[in-house]
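Work through the following exercises with the sequence and the model at hand, and compare each step with its solution.

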Amino acid sequence: MSLALFARRPEPVEAPAPEPWPEIGETWKPEGVTIAQRYYNQAHAVVLVYTTDDGPSGTYYSVACLGCHYATAKRKRTCSTRYGLPDAATVANEHATACRALPRDIPARPDDDTVREQLHAWVRRSRRRDEDTQLWVSDLDLIRLTLQRTNDWIVAVLNQLVVDEPEIARIERSQYSDYVSYYARRLPEN
């Protein structure tokens, strides 16, 4: 009789499909952002670890909470300022453990004109009196969940701004490669 118990084998089970977020009934994938990990905080708001680009020196990650307004992309007091995946995961997990914010609605995708105006305002705010300021698309990582646009789209807007308002922004092309740098022109002297 005991041999009969071990002779049966269970039917193979397929791996379960990824479950959607219970709050919205679907998995949110904002444009221009690759979500690497999700954590729940104590009140079930989602804390995201995401990246926006595989840069020439590696992939960097940002952390954002969809409950409170917590967002970070840079370490404090270290020589390497951007997060790798293990460090971003640690920060996200620590935040999720301490945060008690209730889930907020997923940010709606803004229309193109709204995002274009936000980028123009960002360039204008970057201007200084003493010198031109270099603009890095990676500086926008913390607000990428609200912009919801790809790097190519953002670069196209910056290129158009240089054409439309050359007194506000300029482009500098490398003579050694295809690298393009964007600058906010310095403010005029009074």
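**Exercise 1.** Determine which residues of helix 3 are exposed on its other side, and which are buried.

Solution. Asp113 and Arg125 are the exposed residues on the other side of helix 3, where exposed stands for over 50% relative accessible area, buried for under 20% and partly exposed for what lies in between (1.4 Å probe, protein chains only). Helices (H or I, at least four residues) and strands (E, at least two) are DSSP runs, numbered from the N terminus. The buried residues of helix 3 are Val115, Leu119, His120, Trp122, Val123 and Ser126. They lie on the same side of helix 3 because they cover an arc of only 155 degrees around the axis, the arc being that of the directions from the helix axis to the C-beta atoms.

This is a predicted model, in which local features need pLDDT of at least 70 and side-chain atom pairs count only at pLDDT 80 or more, while totals for chains, interfaces and linings use all residues. Residues are numbered from 1 along each chain as its sequence is written, and side-chain values use heavy atoms, with hydrogens and water left out.

**Exercise 2.** Compare the span of helix 2 with its expected value, and locate its buried residues.

Solution. The expected span of a helix is 1.5 Å times one less than its number of residues. For the 14 residues of helix 2 (residues 85–98) this should give 20 Å, and the end C-alpha atoms are indeed 20 Å apart. Buried in helix 2 are Ala88, Ala89, Val91, Ala92, His95 and Ala96. Seen down the axis, these buried residues fall within an arc of 165 degrees, so they line one face of helix 2. Pro86, Glu94 and Ala98 are exposed on the face of helix 2 turned away from that buried side.

**Exercise 3.** Explain why the sulfur atoms of Cys65 and Cys68 do not form a bond.

Solution. A disulfide is a pair of cysteine sulfur atoms within 2.5 Å. The closest cysteine sulfur to that of Cys65 belongs to Cys68 and is 3.7 Å away, which is too far for a bond. By this rule, the count of disulfides is zero. Cys65 itself counts as buried, at 3% relative accessibility.

**Exercise 4.** State which residues lie nearest the centre of the second largest pocket, and which elements each supply at least two residues of its lining.

Solution. Of the 14 residues that line the second largest pocket, Cys65, Leu66, Arg104, Leu145 and Thr146 lie nearest its centre. On a 1 Å grid over the protein atoms alone, a pocket is an open set of points where a 1.4 Å probe fits, with protein on both sides within 12 Å along at least five of seven lines, and lining residues have an atom within 4 Å of a point. Strand 5 (62–65) and helix 4 (144–147) each supply at least two residues of this lining.
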